[in-house]
Amino acid sequence: MLKTSPAYSYLASATNEAEMQSIFQTHLTRLWGRPVAIENFHIPRVIPKREGKFLVQYRFSTVDEDGSQPRIFFGRLLSPADMIPAYAKEPNAFFVSDIRLVVPIFPFDSKLKMLAQFFDSASGPRLLQPLAGAIGLNGTAQLAKVEVLGYRLERRGTLSVSVQERTRTVSLVAKLVRPEKAAGLFEELQALEKNGFGATSDNNIRVPHPLAVTPEGVLWLEAVFDLSLHDLVGTGPYVSACRSTGLVLQRLHRAKLPNLPTFSVEEAQAQLKTLALETAQIYPVLRESIEGVWQQLETRTPAVAEKETVLVHRDFYDKQLLVGANRITLLDTDTLALGDPAVDVGNFLAHLVLRGKQNALPEKTTGEARANFLEAYRSCQQVGVSEAFQKRTVWWEAATLLRLACLYSLRPRWKKLALPLLEQSEKNLRGEDYA
């Protein structure tokens, strides 16, 4: 088990599951004025926010006389110099002063104010009003059930929403984002549908159909109930699904969308350097390996000509793809930009390595998954498969493995993967184990 540097003792405490379960039970009992039992407490992820600041995700269930209720909270771990947020001492949050941890009580979110309304039954008719024209809901529609599919404090939330209208039940997805971003993301989804990702596209490659958008930052989308590629890891359909994934990425890189930002190698390097340096400070035992990989990446920085840049996803991996019997759906296109296509290829391949280590998959399985993905992706002559492109793919895969090693070192149940991921990154840069 990795040992945290003494300078990061607050982080060590905030990620101690037994200690934090006790703290949550004490504070929630006090705030809610009744005994609160907590079960299945775990910490799925820790997100570094630079300069000694972190977001820590806590998942657990509260148990009372009405049964068990799943919960998802984010705690904000402040640096010694940070001001304590004003809401920290109000009923919608608690503050653990010993470790400078502020925990908003979900669904309160100071920057996603609409989130709380989805858990207030009285808000249902107003929230659903934008859907009247999109799917014909009328004034009798009510929120019947709301479940959290994904959530990031102050940035975004994805909710599964069941709507009851007299004898009709409709399932939808509500994506909550910063209000200033909502209209642009809605327009991007519409543009993707016109660029080969609509419901009637070839090979049934698509994005969730956008239904409506509100100025408050709510995107209403069709609900897609297929399993993600991540859910298929280790099952029979997994390898063939990786081939379909290659076709999805091939089509994305050929699509044309206007007014996109540029994502450069230099920007990626700067982000990675900050993460690598902080991880080396948190875990001194990893410093030598992290510095070794970083130095090799820095000396091999790839050059990308402007004519080679295409539409890229920037976060393309198995959880972003839903695989059905006759369709495949691409999710979370919020990060679209113009950049090196190798960034998406390398990112996906690095996640194949990660899943293989997480699930102890046979090398044959991961090798076949990798080969199927690459073969499908390269099948279009419009996508470059030059030696330069392959070298850039090796670089991006190695860079992603370094990033994953740093991020997973912060996840209590996956710390053991940090060193193997770093070792694999070094192997790739030496030209080993690359198909």
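**A tour of the chain, from one cysteine outward**

Start by selecting Cys-242, which counts as buried because its relative accessibility is 0%, and buried means under 20%. Keep in mind throughout that this is a predicted model.

Next, select Cys-406. With a relative accessibility of 1%, Cys-406 is also classed as buried. How many disulfides are there? The count comes to zero, where a disulfide would need a pair of cysteine sulfur atoms within 2.5 Å.

**The whole chain**

Now clear the selection and show the full protein chain as a cartoon. The protein chain has 13 helices and 17 strands. Turn the view along the principal axes: the C-alpha atoms fill a box of roughly 65 × 55 × 40 Å. A compact globule of 435 residues would have a radius of gyration near 22 Å, and the 23 Å of the protein chain agrees with this.

Switch on the surface. The accessible surface comes to about 20,200 Å², and carbon and sulfur atoms hold 49% of that area. Of the 435 residues, 52% are buried; Cys-242 is one with 0% relative accessibility.

If your viewer can draw contacts, look at those with a separation of 6 or more. Residues 24 or more positions apart account for 66% of these contacts.

Then colour by charge. The protein chain has 51 positive and 47 negative charges, and the mean positions of the two groups are 0 Å apart.

**Ala-7**

Go to Ala-7, in the segment before α1, the helix at 9–14. Is Ala-7 buried or exposed? Ala-7 is exposed, since its relative accessible area is 66% and the cut-off for exposed is over 50%.

With Ala-7 still selected, add Gly-139 and draw a line between the two C-alpha atoms. That line spans 56 Å, while the separation in sequence is 132 residues.

**Phe-119**

Move on to Phe-119. Where is Phe-119 found? Phe-119 sits in the loop between α3 (114–117) and α4 (124–128). Its relative accessibility is 36%, so Phe-119 counts as partly exposed.

Show the side chains around Phe-119. Leaving aside neighbours within four places in sequence, the residues in contact with Phe-119 are Phe-106, Pro-107, Val-146 and Val-148.

Finally, select Val-102 together with Phe-119. These two residues are 17 apart in sequence, and their C-alpha atoms are 22 Å apart in space.

How values were computed
Residues are numbered from 1 along each chain as its sequence is written. This is a predicted model: local features need pLDDT of at least 70, side-chain atom pairs count only at pLDDT 80 or more; totals for chains, interfaces and linings use all residues. Side-chain values use heavy atoms; hydrogens and water are left out. Helices (H or I, at least four residues) and strands (E, at least two) are DSSP runs, numbered from the N terminus. The radius of gyration is taken over C-alpha atoms; the globule rule is 2.2 Å times the number of residues to the power 0.38. Buried means under 20% relative accessible area, exposed over 50%, partly exposed in between (1.4 Å probe, protein chains only). Contact means heavy atoms within 4.5 Å. Accessible areas come from the Shrake-Rupley method with a 1.4 Å probe; for residues, only the protein chains shown count as cover. Lys and Arg count as positive and Asp and Glu as negative; His and the chain ends are not counted. The place of a charge is taken as NZ of Lys, CZ of Arg, CG of Asp or CD of Glu.
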